[in-house]
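Please look over the structure below. The report that follows takes up one sheet, its packing and a single loop residue.

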Amino acid sequence: MMEWVRKFFGTTSSSTTAKDRLRLVLMTDHLALAPEIIENMKRDLIDVISRYVEVDREKVEVNFEREDRSLAMLANIPITSVNRPAAPPPTPPPPTSGPPPQRRRRRKKAATQSPATAQ
Amino acid sequence: MPAPKLGRAIVITSGKGGVGKTTTTANLGTALAARGARVALVDADVGLRNLDIVLGLESRVKYHVLDVLEEKVSLDEALVADKHSETLFLLAAAQTREKDEVDTEKMRALIEDLRTKFDYVLIDCPAGIELGFKNAVVGATEAIVVSTPEVSSVRDVDRVVGLLGNRFKPQLIINRLRPQLVRKGKMLSVEDVNAILHLPLLGVIADEPEIIITTNRGEPLARRHDSETANAYHAIAARVAGEDVAAPTVEAKEGFLDKLGSFFGGRRA
């Protein structure tokens with residue numbers, strides 16, 4: 001009831017602010033405390049993307065940024081070649097011997113919490 | 001008088017200081033003893049002894065935990081009997097020593113020794129996550145974490161639960177809840193805290209003046225049965241003992257002015 005009144009008047013109670021801030025800080029804390037999880041996620045992410053395009057594994061960057069009310073994972077994955085069949089192969093195909101690698105940078109963004117923040 | 005079965009060693013911890021670990025230990029111990037259980041309270045806060053004064057036993061302490069660990073006195077000599085309960089005992093912390101003087105392995109052995117003599121060994125953990133925390137936890141078989149409904153406390157409990165690891169399934173006591181503030185949206189509610197920590201809830205203790213008053217006097221509130229907060233400690237003790245009673249909670253007593261305030265949406269801060 002009180003929360004409804006607050007929403008109606010467009011104000012946020014300090015306990016709601018506290019809850020949101022805590023949720024966010026704990027996500028950041030947990031990530032900082034589990035570097036191996038980030039490494040595993042990074043590896044899996046590269047593996048999946050490698051099924052479609054060739055990526056420069058050494059230059060992959062994964063960062064977490066706090067936005068207003070959510071935590072976002074930002075991955076910068078340099079693509080070295082897109083000479084792949086259109087249909088996604090289930091297993092990595094043999095290495096291609098196409099033209100010299102073209103570098104393209106693509107910014108991939110995924111919200112870890114609410115889908116509303118995903119671009 | 002060795003018991004055939006080893007007692008339970010429960011560490012009471014929080015990470016953050018000042019959330020009420022010592023008060024909780026004293027009251028939970030008193031409530032468990034009131035049920036007839038043999039209870040030893042161990043003050044693991046070496047250098048900052050306080051459990052004795054909260055229990056009103058400060059004038060009876062002759063020896064402390066380091067005296068026992070260094071084999072200067074026997075465990076029985078160092079245990080201080082409570083004034084009221086025949087089954088409640090205190091092992092005080094050393095006041096003029098430092099936390100790093102405690103040998104972790106000897107501490108583990110001491111707690112195990114206590115478990116042969118008592119049904120419950122409650123270990124009052126110091127604030128922080130350093131050696132003092134490790135020494136308090138080393139002999140424990142269970143953990144109770146205490147959090148106030150504040151962002152700093154909840155965050156520290158989350159960290160401590162991570163440090164406790166898989167050996168424990170910590171249970172939560174939410175302390176110093178102010179129901180009026182929760183109702184006005186000015187304090188995290190029990191649901192808010194639990195949505196973040198996801199821990200089994202042992203119970204909620206309200207922020208009541210009588211806790212301060214009884215602590216002033218060195219007479220733990222749980223010696224009594226005539227107040228809601230005292231009974232909340234008894235309910236927590238019953239749950240710890242494995243009885244199927246509901247976790248005590250705290251309801252706001254709504255006065256006329258509160259009703260008027262909530263009708264107009266209240267003032268938010």
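## Strands 7 and 8

In chain B, strand 7 (residues 171-177) and strand 8 run parallel and are joined by four bridges. This is a predicted model. B:I174 has B:V204, a residue of strand 8 of chain B, standing opposite.

Is strand 8 of chain B enclosed or open to its surroundings? Strand 8 covers residues 201-206 of chain B, and five of these six residues are buried, so the rest of the structure largely encloses this strand.

## The whole sheet

Strands of a sheet pair through backbone hydrogen bonds, in either the parallel or the antiparallel sense. In chain B, eight strands make up an open sheet. Their order is 3-4-2-5-1-6-7-8, and the pairing is mixed. Which strands stand at the edges? They are strand 3 (80-81) and strand 8 of chain B. Each has a single partner strand, so one side of each lacks a neighbour in the sheet.

At the strand 3 edge, the pairing is antiparallel: two bridges link strand 3 of chain B to strand 4 (residues 88-91) of chain B. Here B:A81 stands opposite B:F89 of strand 4 of chain B.

## Helices on the sheet

Helix 5 (residues 104-117) of chain B packs on the sheet. Helix 5 touches strand 1, strand 2 and strand 5 of chain B. Its direction makes about 145° with that of strand 5 of chain B.

Helix 1 (residues 21-34) of chain B lies across six strands of chain B: strand 1 (8-13), strand 2 (39-43), strand 4, strand 5 (120-124), strand 6 (142-147) and strand 7. Helix 1 runs at about 170° to strand 5 of chain B.

## Chain B overall

Chain B has twelve helices and eight strands. The radius of gyration of chain B is 19 Å, close to the 18 Å that the globule rule gives for 269 residues, so chain B is as compact as a globular protein of that length. The C-alpha trace of chain B spans about 65 × 35 × 35 Å along its principal axes.

Of the 269 residues of chain B, 50% count as buried. Take the contacts in chain B with a separation of 6 or more: residues 24 or more positions apart account for 77% of them.

## A loop residue in chain A

Where is A:P78? A:P78 sits in the loop between strand 3 (71-76) and strand 4 (79-81) of chain A. A:P78 has 17 other C-beta atoms within 10 Å and is partly exposed. A:P78 and A:E54 are 24 residues apart along the chain, and their C-alpha atoms are separated by 8.7 Å.

Key. Residues are numbered from 1 along each chain as its sequence is written. Chains are lettered from A and ligands numbered from 1 in the order in which they are written. This is a predicted model: local features need pLDDT of at least 70, side-chain atom pairs count only at pLDDT 80 or more; totals for chains, interfaces and linings use all residues. The radius of gyration is taken over C-alpha atoms; the globule rule is 2.2 Å times the number of residues to the power 0.38. A residue is buried if 20 or more other C-beta atoms lie within 10 Å of its own, exposed if 12 or fewer, and partly exposed in between; C-beta atoms are placed from the backbone. Two residues are in contact if their C-beta atoms, placed from the backbone, lie within 7 Å. Two strands pair if DSSP finds at least two bridges between them. Axes are lines fitted to C-alpha atoms, for helices over the stretch in contact, and angles run from 0 to 180 degrees between N-to-C directions.
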